[in-house]
Amino acid sequence: TNGPDWGPAWSPDGSQIAFRRMSGKSGLYLVSPLGGEERKLIDTPPLGQNVMPQISWSPDGKWIAAPERDPNGNTGIFLIPVGAGEQQQVTWNSTGIDHTPAFSPDGRFLAYASCTYIFPCDIYVLPLKLDYTPENTKPQRITQQGSFVRGIAWLPDSRHMVFSAALGSIDDSYLWRVALFPAGPPERIDLAGSQSRHPAVSRVGNLLAFTRMH
């Protein structure tokens, strides 16, 4: 791509990469990993710098979860159809922003960061039906840290996740591991060090990749 582009995410079958274009013809796009012509899914206004550009594919490859602005100007999580269908807003935040969505590998949950303004944030999990619409239940709050979140990734078992969060200075981010079923307190992954952001977990082998700032 010829950017500035952010938040790339592989489709489940590896045939496409979704990404967000942040300026000019801003929107959500798809492109082959071999390059070639891009396909725009939706036009979107540029989001603020404090909205993490992370996007996430549903396990069946039919939906992309992404933070977007609603008609009132608030930032929530939307499900964007890759094929036919209408986009759906699945979270609402009238006092801040929701961002960093992540589908669980089994498709039963959608994790995201919900923030009061841009800080503090905590991680919530929204139960989903088989068609990926929300269950008629409230999202479950997973953390009580009041942190600045910079990325969420599920482990292959759909029972644990890794996330990046800064508890004090927003520049001092660490990786954390948290169990959901049964729920437990987050445990810091000290081996990753400070300034660790944007975690990604392999589908097999439990390999963890992340960005470390210097």
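P120 is partly exposed, with a relative accessibility of 35%. This proline is a handy place to enter the structure, which is a predicted model. From there, the briefing moves on to the cores, the largest pocket, the salt bridges and a few backbone details worth a look on screen.

**Around P120**

- P120 sits in the loop that runs between β10 and β11.
- Setting aside neighbours within four places in sequence, the contacts of P120 are S114, C115, G146 and S147.
- If you would like a distance to check, the C-alpha atoms of P120 and G151 are 14 Å apart, with their positions 31 residues apart in sequence.

**Nonpolar cores**

- The largest nonpolar core holds 22 residues, and those that touch the most other members are I123, V125, I152, W154, M161, F163 and L180.
- Six strands each give at least two residues to this core: β9, β10 (109-116), β11 (121-127), β13, β14 (160-166) and β15 (174-179).
- Strand β10 makes the largest contribution to this core, at four residues.
- L180 is a good residue to centre your view on: leaving out neighbours within four places in sequence, L180 is in contact with V125, I142, W154, R159, H160 and M161.
- There is also a second, separate core of 13 residues, with A9, F78, I80 and V82 among them.

**The largest pocket**

- The volume of the largest pocket is about 1,400 Å³.
- This pocket is lined by 44 residues, and P8, A9, Q54, I55 and A200 are the closest to its centre.
- Two or more lining residues come from each of β1, β5 (56-57), β9 (96-103), β13 (148-154), β17 (196-201) and β18 (208-212).
- Sorted by class, the lining consists of 29 nonpolar, eleven polar and four charged residues.
- A9 is a residue to note twice, as it is one of those closest to the centre of the largest pocket and also belongs to the second core.

**Salt bridges**

- The model has six salt bridges in total, and three of them are described here, starting with the pair R21 and D5.
- In the salt bridge between R21 and D5, the closest N and O atoms are 2.7 Å apart.
- R21 belongs to strand β2 (residues 17-21) and D5 to strand β1 (residues 5-10), so this pair ties together parts of the chain that are 16 residues apart in sequence.
- R21 has a relative accessible area of 12%, and because the cut-off for buried is under 20%, R21 counts as buried.
- R21 also forms a salt bridge with E38, where the closest N and O atoms are 2.9 Å apart.
- E38 is in the loop between β3 (27-31) and β4 (39-43) while R21 is in strand β2, so the pair connects parts that are 17 residues apart in sequence.
- Unlike buried R21, E38 is partly exposed, with a relative accessible area of 26%.
- Through shared partners, salt bridges join D5, R21 and E38 into one network.
- Another salt bridge brings together the side chains of E68 and R20, at 3.0 Å from N to O.
- That pair links distant parts of the chain, 48 residues apart, with E68 in strand β6 (residues 63-69) and R20 in strand β2.
- E68 and R20 are both buried.

**Backbone details**

- As background, most residues other than glycine have a negative phi, and most peptide bonds are trans.
- T100 is not a glycine, yet has a positive phi of about 60°.
- T100 is located in strand β9 and, at 0% relative accessibility, is buried.
- H198 likewise has a positive phi, near 55°, in a residue other than glycine.
- H198 is part of strand β17 and is partly exposed, at 40% relative accessibility.
- The peptide bond that leads from F181 to P182 is cis, and its omega is near 0°.
- P182 is found in the loop between β15 and β16 (187-188).

Methods
Residues are numbered from 1 along each chain as its sequence is written. This is a predicted model: local features need pLDDT of at least 70, side-chain atom pairs count only at pLDDT 80 or more; totals for chains, interfaces and linings use all residues. Side-chain values use heavy atoms; hydrogens and water are left out. A salt bridge is a side-chain nitrogen of Lys or Arg within 4 Å of a carboxyl oxygen of Asp or Glu. Buried means under 20% relative accessible area, exposed over 50%, partly exposed in between (1.4 Å probe, protein chains only). On a 1 Å grid over the protein atoms alone, a cavity is a set of points where a 1.4 Å probe fits but cannot get out, and a pocket is an open set with protein on both sides within 12 Å along at least five of seven lines; lining residues have an atom within 4 Å of a point. Grid points are joined across faces, edges and corners, and a volume is the space filled by probe spheres set on the points. Ala, Val, Leu, Ile, Met, Phe, Trp, Tyr, Cys and Pro count as nonpolar, Asp, Glu, Lys and Arg as charged, and the others, Gly among them, as polar. A nonpolar core is a set of buried Ala, Val, Leu, Ile, Met, Phe, Trp, Tyr and Cys residues joined through side-chain atoms within 4.5 Å. Contact means heavy atoms within 4.5 Å.
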